[in-house]
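Open your viewer and get a residue-selection box ready. We will take a short walk through this model, one selection at a time.

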Amino acid sequence: MNNTSLDSAKILEAILNANSKNELDDIEQSLFGRKSGSVTLAMKDLQKLDEDARKETAKKLNADKQKFLSELEKKHIEIKTAKKEQMSGTENIDISLSLPSEETGHLHPISQFITNVEEVFGRMGFDVAVGPEIENEELNFDLLNFPKEHAARDSQDVFFIKSNAPEDNKLLLRAHTSPVQIRYMREHKPPFRAIFPGKVYRKDADATHSPMFHQFEGLMIGEDVSLANMKAVMITAIKELISKDAEFRFRTAHFPFVEPGLEVDMRWQGDDDSSREGKWMEVVGCGMVHPNVLENCNIDSKKYQGFAFGFGIERMIMIRDQIPDLRAFFVNDLRFLRQF
Ligand code: PHE
């Protein structure tokens, strides 16, 4: 039998009935495959015919081939389109649905608070300065007018650091940010006002004390800075940072580096909230900078005077938000942190 005659009607029918790309690929292969495709073979067999028959058959064969190719192409497009339609029918995207809310992180409450402190004191004209957490006894105590035998120097309270430093001026983790006040006074000419936020270290650990906590101290020195100015700044700061409804009481207190020294207590004005029990809470230590401290920093204490103060940051947040346990700030429990 001669391969040059193809049953073109049957082939066209197969193409038309194909339902998938795979089926079409198979038909294509069976027609045009290089070794055994029926069209390929028919083309080869043309040589076996005599010249007249060859011309005649070649013409028909070419016409069939073109017809197969164009039908295959049509069918390919048809199948592709059908598939797309089917997808858009089932894989719906509802653009009116709201997305699950995205969770973003935020600054730790202590960092947030420090930013707030810098902003509030910035409005009152205060500069911000920081210093090292490792200091020596001279900066942490001596220059701040602590007597050599003062109880605060006890190794029960202070983290001393083993080093080659002289026995009478050992290195330590600073117990307050007051040494930054010394550094600042030595580097600046009055008048000035500045705050000093940072970490401080004391050997103390319970629900309201932590071996590391945050403070910001502050300083305002000039020719006529008075105790009244200090009271005004303390009240403004506490109202801004803790509560507008606070009322205040000033008590005398002793700190070696100030004279007179005061502590400020606050309570919520007209507070009958039983959880606060109208209790006075100590918020800040402050006072007029001791002349010895000014002189230690080469500031003329006859010409200049001013005040210093020191706030505990965790303590302020605890008072503001009624947090009972200071350790919550350091365990990184997201249920706590997310509330800020
Ligand atoms: N340095 C004091 C402390 O850490 C705080 C303080 C600063 C008190 C300035 C008075 C004046 O406890």
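Which residue in β10 is the bridge partner of C286? Select C286 and look across to β10: the partner is F309. Keep in mind as you go that this is a predicted model.

Now widen the selection to residues 281–289, strand β9, and residues 305–312, strand β10. These two strands run antiparallel to each other and pair over five bridges. Strands of a sheet pair through backbone hydrogen bonds, either parallel or antiparallel.

Next, bring in the whole sheet. Seven strands make up this open sheet, and you can trace them in the order β1-β5-β6-β10-β9-β8-β7, with mixed pairing. Colour 127–128 (β1) and 246–253 (β7) to mark the edges: each has a single partner strand, so one side of each has no neighbour in the sheet.

Add helix α7, residues 178–187, which packs on the sheet. Helix α7 touches β1, β5 (192–201), β6 (212–222) and β10, and its direction makes about 145 degrees with that of β5.

For the last stop, select residues 8–17 (helix α1) and residues 21–32 (helix α2). Their axes come within 9 Å and cross at roughly 160 degrees. Angles over 145 degrees count as roughly antiparallel, and α1 and α2 are therefore roughly antiparallel to each other. The crossing of α1 past α2 is left-handed.

Show side chains here: α1 contributes I11, A14, I15 and N17 to the contact, and α2 contributes E23, L24, I27 and L31. Of these contact residues, six are nonpolar, one is polar and one is charged.

Note on methods
Residues numbered from 1 in each chain as written. Predicted model: local features only at pLDDT ≥ 70, side-chain atom pairs only at ≥ 80, totals over all residues. Heavy atoms only, no water. Pairing = 2+ DSSP bridges. Helix = DSSP H or I, 4+ residues; strand = E, 2+ residues; numbered from the N terminus. Contact = heavy atoms within 4.5 Å. Axes fitted to C-alpha atoms, helices over the stretch in contact; angles between N-to-C directions. Parallel < 35°, antiparallel > 145°, perpendicular 65-115°, else oblique. Left-handed = near helix turned anticlockwise from the far one by under 90°. Nonpolar A, V, L, I, M, F, W, Y, C, P; charged D, E, K, R; others polar.
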